[in-house]
Every structure is written in C-alpha cells, then in structure tokens.
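Here is a short, friendly tour to read with the sequence and the 3D view open beside you. Take a moment to turn the structure around before reading on.

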Amino acid sequence: MDDGRKQFPKGMIPLGKTKFHFRCGPGLKCYMACCRKLDLILYPYDIIRLKKRLSISSEEFMRTHTRLGASSHPFFPAVMLLMSENSEQTCPFLGVNGCTVYEDRPTACRTYPLERAVDRNPAGTRPAEYYFMTKHSYCLGHREREEWTVKSWLRDQKLQAYNGANDFWAEVDTLFARNPWQGEGAGGPRQQLAFMVCYNIDGFRRFAAEQKLFDQFRLESSRRRVLEYDDEALQKFGFEWLKHILAGSGNLQRR
Ligand code: SF4
Ligand code: SF4
C-alpha cells in the first residue's frame, strides 16, 4: 500500500534524529585500514578540492589519480580514485600518519560511517535527503563511545559545502541518465565536452575564454568577475550551461 511515505530497500532505515556512536582516529587498531583497495567515486567538487590541495592542474589530477568506472546508468562514466600499485593498493593520499589531504578529502571519506541518499521527487516540493548507517566489518570506530546525530556529524565533517555542490552535480547526472547525446553515443563530441565541464575545470576555463562563453549570457557583473578565478563558481556555471545546451533547461539566459 502506498501511503505517501518514502519506501526504502529492506534493511535500510534512515537515521533521522537517532543518535549513533562512532570515533575514528589514531589509537584505534583499525586506523588507516579503510584507506586501501577502495572503489571510491570522486565527484566533480571532490576533484576541484583535491587538485587545489595538491597544487596541480585538473588535467594532471585526472591523468595521475583517476580511472573511469561504471556509474548508476550507462550514459556517462563515473570517475574513481586510482589506488597505488603496491601490494596493499593503498590510497595515493595515505601517508605514514594518516590522510595527507584530510582537509580536502573526498565526499565518501567524510561521509562514512553514514551514507547519503537524496530523493529528488518527494511528495513535497523540495528534494529530501536521508542518511543511513553503514559498517565495514573491520571498522572498530562503531564500538567507541562518542555520540553523534546526523546533524552534528555533517557539521563536524564540514559536509555542507560538499553536499551542496554534489546536489548540483546530481541534477546534471540525472540529465545525463536520459541519454541527451543525440545519437552520438559514448565518447561523442557532446559527451566529451560534458566530461570536460564536470572533471577538467582548468580545461573548461580555457574553453570558456576561447569561446567567450560568459559574453553569451546575461550574467551580473559581480558573478562574471567571480567566474574568472573561482573554480567552484565556474563549475556551477558549467552545470547550468550543460543543462542549457543539452536540454534547454536551467537558469542561464542568452543575451
Ligand atoms: S576502519 Fe573505521 S575507525 Fe578505523 S580508521 Fe577506518 S573509518 Fe576510522
Ligand atoms: S583520501 Fe584520505 S581518508 Fe580518503 S581514502 Fe585516501 S587517505 Fe583515506
């Protein structure tokens, strides 16, 4: 019976305001055990944060640290973090004392031990987000006493900026899932362009300058100035531009 309430797969219960226990850090026997042999998806915002952190270009980041993987649909690939080629297949950012990119670690590393799901079509008008507890058998952090709510965990892990940016990306990926490539197939010119916008922000900045892209749309001068140097603002613009050219949707208005 559909009573209008969101249905979840069996065994998945959203945490809501329920408290949970967790602590991660040096001193735990499992410390750093989780930073290896990972199928870790990188979202476009993760890549901006990491390439800045490493002071390398987005091209170099993509070339050195990523591989393609399967996404939730066949019309656009996922980008995965490439593990090191050592016997342990460790994360390339794992140092002797822990994560060397901690302040800019990817969404997945921040969110664990939670998992986030977003329902874009709830009965109400706004997308709804849900968090679930996830446990790796080797993870001893769940036995610790520190107590959290979803809200306090999100704040502690500084996830708001990540979730906000990932939601913009999810809107675009929902569009990709509808196969907007007009028969070009995977790897066609439109998909390559979209891949650049999503994952190669430095390449997109050059493209935008060459094509005088900002001149083609009504943009407030303050936003226009920010777009010249701010990767996060440019990525958001890029997502709007993709919606515009692929589906005629989004907020951009031509001059
Ligand atoms: S296994 Fe769990 S507690 Fe241990 S380091 Fe990883 S996330 Fe932290
Ligand atoms: S980015 Fe940091 S926290 Fe995430 S897997 Fe790598 S070393 Fe671990």
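The report below covers the ligand shell, one loop residue and the two domains of this predicted model.

## Around the ligand

Let's begin with ligand 1. The residues surrounding ligand 1 include four cysteines worth finding in your viewer, Cys-24, Cys-30, Cys-34 and Cys-139. Three tyrosines, Tyr-31, Tyr-112 and Tyr-138, belong to the shell too, along with Leu-28, Met-32, Ala-33, Leu-140 and Gly-141.

Sorted by class, this shell holds 11 nonpolar residues and one polar residue, with no charged residues.

## A loop residue: Glu-146

Next, look for Glu-146 in the loop that runs between strand E8 (128-133) and strand E9 (147-148). Is Glu-146 buried or exposed? Glu-146 counts as exposed because it has 12 C-beta neighbours inside 10 Å, and the cut-off for exposed is 12 or fewer.

Leaving aside residues up to four places away in sequence, Glu-146 touches His-21, Phe-22 and Arg-23. From Glu-146 to Tyr-112, a separation of 34 residues along the chain, the C-alpha atoms are 15 Å apart; Tyr-112 is one of the residues around ligand 1.

## Two domains and their contact

Now zoom out to the whole chain, which is divided into domain 1 (20-168) and domain 2 (184-247). Their C-alpha centres are 25 Å apart, and 12 residues of domain 1 make contact with 12 residues of domain 2.

On the domain 1 side of this contact, helix H1 (44-54), helix H2 (58-65) and helix H5 (160-176) each give two or more residues. H1 provides the largest share, four residues. By class, this side of domain 1 has nine nonpolar, two polar and one charged residues.

Note on methods
Residues are numbered from 1 along each chain as its sequence is written. Chains are lettered from A and ligands numbered from 1 in the order in which they are written. This is a predicted model: local features need pLDDT of at least 70, side-chain atom pairs count only at pLDDT 80 or more; totals for chains, interfaces and linings use all residues. A residue is near a molecule or strand if its C-beta atom, placed from the backbone, lies within 6 Å of it. Ala, Val, Leu, Ile, Met, Phe, Trp, Tyr, Cys and Pro count as nonpolar, Asp, Glu, Lys and Arg as charged, and the others, Gly among them, as polar. A residue is buried if 20 or more other C-beta atoms lie within 10 Å of its own, exposed if 12 or fewer, and partly exposed in between; C-beta atoms are placed from the backbone. Two residues are in contact if their C-beta atoms, placed from the backbone, lie within 7 Å. Domain bounds come from an automatic or database domain assignment.
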